Amino acid sequence: PLCCKPEKRGKVVCLPRLSRVAVCGGTHGNELSGVYLVRELLKAKDIVMEEEREEPASVLMVLANPRAMQQCRRYVDTDLNRCFTHATLNGPISDSAPYEMTRSRELNAMLGPKGSPGAVDLVCDLHNTTANMGLCLIAYSDCDWICLHIFKHLQRQMPDVPMRFIHFDVSSKESYSLDSVGKHGFAMEIGPQPHGVVRSNIYTAMKDGVQHMLDWVRLFNSGTIFEAGFVDVFTIVKNIDYPRDSETHNITATIHPQLQDRDFLLLHPDDALFQTFSGETLRYKGNEPLYPFFVNECAYYEKGIALSLARKRHVVVPAIRAQTEAERRRDQQGFASEEE
Amino acid sequence: NFSPPARFDEARRVAIFGGTHGNEMSGVTLVNLWVKNGSEIQRKMVDTKPFITNPRAVEKCTRYVDTDLNRAFTPENLSALGEGDLPYEVQRAQEINRIFGPKGSPEAYDVIFDLHNTTSNMGCTLILESSKDYFNLQMMNYIKVTALRSNTEYYPRFSCKSVNIVLCDWFIAGLEVGPQPQGVLRSNIFEAMRVILKHALDFIELFNEGVEFPTCTVEVFRVLERIDYPRDANGNIIAMVHPNLQDGDWEPLNPGDPMFLTFDGKTLHYQGSGTIYPTFINEAAYYEKQQAFVTTRRETLVASAIRKA
């Protein structure tokens with residue numbers, strides 16, 4: 001992919017401008033920070049950002065799952081944020097298809113089509129979690145420099161908010177979430193917040209995060225060079241399910257009090273994982289220490305996930321800037337982009 | 001005060017309800033556990049029945065299917081005809097009333113605990129109907145005193161700072177523990193609820209054995225009114241619970257204190273005439289009930305000494 005073209009160290013990577021950005025809330029109808037934030041931003045209509053040198057960029061505000069929002073539920077028939085694989089978007093569809101499958105196609109038409117030149121340049125999909133994760137950007141790539149630079153910008157602008165970059169190592173063929181529809185995309189996940197509740201500190205963090213992201217896009221589009229640096233990337237390794245009763249499939253233990261709320265604090269082999277209802281401690285049996293996250297996320301009980309585990313890696317991020325108009329035309333004619 | 005203790009009949013039959021709201025997981029989990037193996041809740045000469053009140057809502061992990069079961073026990077609903085055409089929870093209310101009531105009849109259960117969780121930072125809260133029933137007051141007082149005494153020894157990680165007793169008109173005797181998100185099971189909340197129930201059953205056993213509980217004063221919070229979120233002309237919420245008030249259950253709210261924060265950053269202040277004690281602050285299920293929090297007033301009640309008849 002374009003974002004991963006190897007570049008010489010010390011050089012600036014030139015990437016296409018981000019002309020169209022989408023901010024999506026309510027993909028899960030009970031994750032209320034995004035619901036309320038996008039509603040508020042919609043009140044201000046489409047935001048048009050004036051650019052000094054190039055054409056203006058536009059920001060689309062989208063409430064992704066209005067029916068689930070109306071019922072204050074995660075979804076009506078099926079999880080919308082799993083309905084964006086190429087297979088689901090382009091396969092056959094019947095009249096009795098789940099609501100979210102029909103909706104994912106509408107969103108794909110609006111913001112995509114996924115994988116085509118007409119897709120929006122950047123999708124930021126807003127989510128909340130019951131896990132104590134602070135602010136996380138979740139992306140399918142650990143070398144999408146746009147996403148990584150946005151993350152660095154947020155870190156600089158919001159030093160009091162705990163922030164992590166999570167990498168889901170899933171190929172673009174199998175990517176399934178709304179943020180995969182744009183040329184670049186990520187989920188902005190903030191917790192802890194119960195579903196069906198808006199906590200003002202979480203809302204404010206999300207509002208600030210979105211504002212700083214849009215500021216970054218404006219700066220990028222106007223030619224700013226963003227310096228090289230590094231990001232600690234958490235790449236998912238595996239999920240661990242709750243112990244369950246073999247007959248009823250009901251869980252037989254809770255997240256252990258020593259692990260509860262300790263997302264991103266290293267879990268070592270033999271550390272406490274679960275506490276059974278009879279008070280027994282079950283321990284982590286893996287071979288390597290890993291970083292837990294999505295610890296006790298409500299929506300993941302039904303997905304069979306008590307927690308996820310990640311490895312941390314220092315990723316070097318090159319300097320980047322937006323392509324000039326001349327570079328863009330040359331690029332389109334097949335020439336490699338000229339480096340500064 | 002040398003007046004003789006008030007006499008009450010033995011409490012022979014005790015029910016423990018879980019899953020009245022299907023996504024309040026501590027009660028669901030405890031009751032399922034005890035249905036499978038009830039040894040933990042057995043006491044001498046007491047028949048203890050754990051019971052899932054709203055099984056369909058539990059199965060779907062949702063608060064309710066048709067209507068809130070915890071508001072369904074009205075006289076109209078309990079006498080309504082129509083069987084299978086009635087809303088699911090109305091049918092359940094009639095069934096539960098048949099099995100465990102009716103109130104005041106000789107077959108009725110003596111004590112019923114209804115287990116709940118809340119997203120509010122309420123710690124352990126015991127909820128009593130606004131009656132002057134000294135038996136219930138004494139039981140709540142015993143639970144509160146014993147729980148607080150044992151709290152620091154055994155549950156150092158437990159975040160609950162107090163056990164509060166609330167008097168109101170709309171619950172049956174309830175136990176509310178939070179904060180816990182709906183659909184989530186937190187081990188500290190689970191263990192706290194378990195311990196509270198243990199004390200409740202111990203009290204009943206002691207009472208049935210003839211122990212006299214001397215007169216006591218009980219601090220309670222009496223519910224005054226519900227405060228809704230500020231809304232626009234279309235009924236949409238336009239502000240959130242202010243960060244100063246968020247998680248401040250049981251802390252005094254004075255006139256002029258920050259109360260709400262609008263989405264564009266303006267602070268709205270509490271305009272009441274005197275200090276109140278807010279609770280149920282930012283409970284998820286109450287957005288649709290138009291309730292951001294509930295105001296209460298602190299009161300001290302006196303419960304006379306009680307003893308088995």
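# Exercises on a predicted two-chain model

A:Asp215 and A:Arg218 are three residues apart in helix H6 (residues 200-221) of chain A, so about one helical turn separates them. The structure is a predicted model, and the exercises below begin with this pair.

**Exercise 1.** Determine what interaction A:Asp215 forms with A:Arg218, and state how many salt bridges are counted over all chains.

*Solution.*
1. The closest N and O atoms of A:Asp215 and A:Arg218 are 3.5 Å apart.
2. The criterion requires a side-chain nitrogen of Lys or Arg within 4 Å of a carboxyl oxygen of Asp or Glu, so a pair that meets it is counted as a salt bridge.
3. A:Asp215 and A:Arg218 accordingly form a salt bridge.
4. Over all chains, the count under this rule is 34 salt bridges.

**Exercise 2.** Describe the contact between chain B and chain A in terms of residues, buried area and polar interactions.

*Solution.*
1. Chain A contributes 28 residues to the contact, and chain B contributes 29 residues.
2. About 2400 Å² is buried between the two chains, with 56% of this area on carbon and sulfur atoms.
3. Of the area that chain B buries against chain A, 24% is supplied by B:Leu185, B:Ser187 and B:Phe263, more than by any other three residues.
4. Three salt bridges are counted between chain B and chain A. One of these links A:Asp245 to B:Lys36, with the closest N and O atoms 3.2 Å apart.
5. The polar contacts between the chains comprise 11 residue pairs, both residues being at pLDDT 80 or more.
6. On the side of chain B that touches chain A, at least two residues each come from helix H1 (25-36), helix H6 (187-208) and strand E9 (239-241) of chain B. The largest share, four residues, belongs to H6(B).
7. By residue class, this side of chain B consists of 13 nonpolar, eight polar and eight charged residues.

**Exercise 3.** Establish the strand order and pairing of the three-stranded open sheet in chain A, then do likewise for chain B.

*Solution.*
1. In chain A, the order of the open sheet is E10-E11-E12, with antiparallel pairing.
2. Strand E10 (253-255) and strand E12 (281-283) of chain A pair on one side only, which identifies them as the edge strands. From one strand to the next, the twist averages 35°.
3. Strand E11 (residues 272-276) of chain A is joined to E12(A) by three bridges. Within this pairing, A:Ala272 stands opposite A:Arg283.
4. In chain B, the three strands of the open sheet follow the order E9-E10-E11, and their pairing is antiparallel.
5. The edges are E9 and strand E11 (267-269) of chain B, each pairing on one side only. Neighbouring strands are turned against each other by 35° on average, direction ignored.
6. Strand E10 (residues 258-262) of chain B pairs with E11(B) over three bridges in the antiparallel sense. The partner of B:Phe260 in E11(B) is B:Leu268.

**Exercise 4.** Classify the peptide bonds from A:Gly112 to A:Pro113 and between A:Gly191 and A:Pro192, and locate A:Phe294.

*Solution.*
1. With omega near 0°, the bond from A:Gly112 to A:Pro113 is cis. A:Pro113 occupies the loop between helix H4 (99-111) and strand E5 (122-128) of chain A.
2. For A:Gly191 and A:Pro192, omega is about 10°, and the peptide bond is cis. A:Pro192 belongs to the loop between strand E8 (184-191) and H6 of chain A.
3. A:Phe294 lies in the loop between strand E13 (291-293) and strand E14 (307-317) of chain A. Its phi is near 50°, a positive value in a residue other than glycine.

Key
Residues numbered from 1 in each chain as written. Chains lettered and ligands numbered in written order. Predicted model: local features only at pLDDT ≥ 70, side-chain atom pairs only at ≥ 80, totals over all residues. Heavy atoms only, no water. Contact = heavy atoms within 4.5 Å. Buried area = accessible area lost by both parts, 1.4 Å probe. Polar contact = N/O pair within 3.5 Å; in protein donor to acceptor, adjacent residues only side chain to side chain. Nonpolar A, V, L, I, M, F, W, Y, C, P; charged D, E, K, R; others polar. Pairing = 2+ DSSP bridges. Axes fitted to C-alpha atoms, helices over the stretch in contact; angles between N-to-C directions.
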